[in-house]
Amino acid sequence: MKVRTEGSSNYEYVSARVRSRKRKLFDEDDYRKLVRMEPSEIARFMEETEYETEMNALGTRHSGVDLVEYALNRNLAKHFDDLLTWAEGPLYDYIVNYLRKFDAWNVKTAVRGVYTDAAAEAVETDLIRTGEFPDRLLDRLVEAGSIEEVAEALSTTIFGDPLAEAMSDFESEGVLVPLENAVDRAFYTHLMDELGRSVPNSPEGLYGEFLEAEIDFRNLRNALRIARSGADIDPAEYHIEGGGLFDPEELRQLATNVDELVERVRASTYGDELATALEELAAADSLVGFERALETALLEYSSKLSNRYPLSVCPVISYVLAKEREVENVRAVARGREAGLDVEEIEAELVII
Amino acid sequence: MMETLELASVVLQDGSGGISGQAAAAIAVGLGALGTGYAQSRIGAAAVGAVAEDDDMFVPGLIFTALPETLIIIAFVTIFLV
């Protein structure tokens with residue numbers, strides 16, 4: 001399963017390219033223009049930017065907002081595949097581990113496709129073809145007729161066992177949540193594989209720190225969502241291992257009491273970074289605002305790490321996050337405009353740093 | 001104490017054991033060249049990466065790649081000092 005590459009990492013080359021690409025992402029001005037455009041104008045705007053090739057390639061088959069969305073996904077896959085082409089040595093392993101995120105996405109897409117009886121073609125266009133899975137495996141996922149077949153196809157990957165275990169839950173409850181959680185957790189448990197607890201302030205140490213923050217944020221968000229929805233779910237069951245902030249038991253207690261949870265986070269190491277997010281939560285009492293603020297905090301944290309240690313995997317991760325954000329932002333703008341939302345409403349959805 | 005001083009003065013005398021001044025200069029230049037090579041390999045990799053993304057980075061890339069050149073040029077001066 002593991003792709004081992006020989007030699008040492010070429011951090012210099014990869015971070016130079018990645019930093020250059022990160023600078024070319026849309027900035028605040030571009031977004032200000034974008035949110036004021038009609039959907040057709042957005043498509044035209046995209047044709048004049050970075051996304052030109054993808055827009056032209058997909059233009060014959062799709063149109064409107066769908067076109068924008070597929071072009072975004074394809075462009076994302078192209079850029080992340082580039083990262084894997086450039087990187088060598090341990091750097092490659094780190095990036096592959098992180099980009100398994102898209103393997104997880106693809107697995108979820110396939111599972112949802114089967115669940116909703118979507119046509120293979122529709123599933124196919126929603127895949128993001130990057131990450132560790134070879135194209136052949138993705139094609140098998142697309143063609144799978146049942147969830148069992150999907151799990152079967154994945155049996156040799158990291159997602160195989162967790163999916164098989166979650167199958168009984170899925171069958172008894174008939175909802176996708178157990179399966180999707182199994183996929184997410186498989187991704188996060190293997191994320192730290194390469195690392196171990198290494199020296200602080202080394203590239204590996206910082207990478208570990210960042211991953212820990214990401215997992216903590218995710219646990220926090222899950223806990224809040226469960227607390228808010230008032231659903232009768234045990235938050236500890238959805239706890240992701242590897243974070244430094246909560247253990248399952250604590251999460252269970254805190255999820256019932258939002259004020260205590262907020263206090264706990266404020267006192268933790270993330271207190272400073274999440275200060276704005278917590279204020280947002282206290283003031284507006286809305287999860288949406290809090291989640292945006294969490295995303296922003298994570299983005300800022302990753303940029304900070306990439307400046308603190310330029311010759312490490314941090315600039316790459318920071319770029320991956322920023323690019324993902326851009327894709328999600330543009331999608332939000334396009335979908336929002338299509339649905340006729342106000343400029344202010346869309347701007348509230350964007351995460352810009 | 002006296003003996004140590006005597007020993008030191010013998011060792012430090014020109015040409016008495018150890019290596020000659022020219023050999024020392026050669027080592028200095030050689031090490032300087034190694035250092036330059038090491039620095040340039042890493043800067044060069046970054047510069048090529050930057051140029052691949054953006055052609056305008058060619059001149060800054062070239063300048064930064066050439067900067068460690070100063071190391072070897074200064075090391076080169078030692079040859080004329082011995």
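# Exercises on a predicted two-chain model

A:Ala293 sits in helix α16 of chain A, which covers residues 287-308. Keep in mind throughout that this is a predicted model.

## Exercise 1: One alanine

**Task.** Decide whether A:Ala293 is buried or exposed, then work out how far A:Val351 is from A:Ala293 in sequence and in space.

**Solution.** Start with the accessible area: A:Ala293 has a relative value of 12%. The cut-off for buried is under 20%, so A:Ala293 counts as buried. Next, look along the chain. A:Val351 is 58 residues from A:Ala293 in sequence, yet their C-alpha atoms are 7.9 Å apart in space.

## Exercise 2: Two chains, side by side

**Task.** Describe the make-up of chain A and of chain B, then say how much of each is buried and what its exposed surface consists of.

**Solution.** Take chain A to begin with. Chain A has 18 helices and zero strands. It has 353 residues, and 54% of them count as buried. Its exposed area is about 16,200 Å², with 47% coming from carbon and sulfur atoms. For contacts with a separation of 6 or more, 66% involve residues 24 or more positions apart.

Now chain B. Here you'll find four helices and zero strands, in the order α-α-α-α along the sequence. Of its 82 residues, 17% count as buried. Chain B exposes about 5,900 Å², and carbon and sulfur atoms supply 75% of that. Among its contacts between residues at least 6 apart, 72% join residues at least 24 apart.

## Exercise 3: Helix α6 and its partner α5

**Task.** Find how α5(A) and α6(A) are oriented, and sort the residues of their contact by type.

**Solution.** Grab the geometry: α5(A) is residues 64-86, α6(A) is residues 89-115, and they pack at about 160 degrees with axes 10 Å apart. That angle makes the pair roughly antiparallel, as anything over 145 degrees does. The crossing is left-handed.

Then list who touches whom. A:Leu76, A:Phe80, A:Leu83 and A:Leu84 come from α5(A), while α6(A) brings A:Tyr92, A:Ile95, A:Val96, A:Leu99 and A:Phe102. Sorted, that's nine nonpolar, no polar and no charged.

## Exercise 4: Helix α6 again, now with α11

**Task.** Repeat the analysis for α6(A) and α11(A): what are the angle and the axis distance, and which residue types make the contact?

**Solution.** Helix α11 of chain A spans residues 177-191, and packs with α6(A) at about 170 degrees, axes 9 Å apart. So this pair is roughly antiparallel as well. The crossing is right-handed.

On the α6(A) side, the contact includes A:Arg100, A:Lys101, A:Lys108 and A:Arg112; on the α11(A) side, it includes A:Glu180, A:Asp184 and A:Phe187. The full tally is eight nonpolar, two polar and six charged.

## Exercise 5: Helices α2 and α17

**Task.** Work out the orientation of α2(A) and α17(A), and name the residues that meet.

**Solution.** Helix α2 (residues 28-35) and helix α17 (residues 314-338), both in chain A, pack at about 20 degrees, and their axes are 10 Å apart. Under 35 degrees counts as roughly parallel, so that is the label for α2(A) and α17(A). Their crossing is right-handed.

For the residues, α2(A) offers A:Tyr31, A:Leu34 and A:Val35, and these meet A:Glu326, A:Asn329, A:Val330, A:Val333 and A:Arg337 of α17(A). The split is five nonpolar, one polar and two charged.

Conventions
Residues numbered from 1 in each chain as written. Chains lettered and ligands numbered in written order. Predicted model: local features only at pLDDT ≥ 70, side-chain atom pairs only at ≥ 80, totals over all residues. Heavy atoms only, no water. Helix = DSSP H or I, 4+ residues; strand = E, 2+ residues; numbered from the N terminus. Buried < 20%, exposed > 50% of the residue type's maximum accessible area, 1.4 Å probe, protein only. Contact = heavy atoms within 4.5 Å. Areas by Shrake-Rupley, 256 points an atom, 1.4 Å probe, with all protein chains shown as cover. Axes fitted to C-alpha atoms, helices over the stretch in contact; angles between N-to-C directions. Parallel < 35°, antiparallel > 145°, perpendicular 65-115°, else oblique. Left-handed = near helix turned anticlockwise from the far one by under 90°. Nonpolar A, V, L, I, M, F, W, Y, C, P; charged D, E, K, R; others polar.
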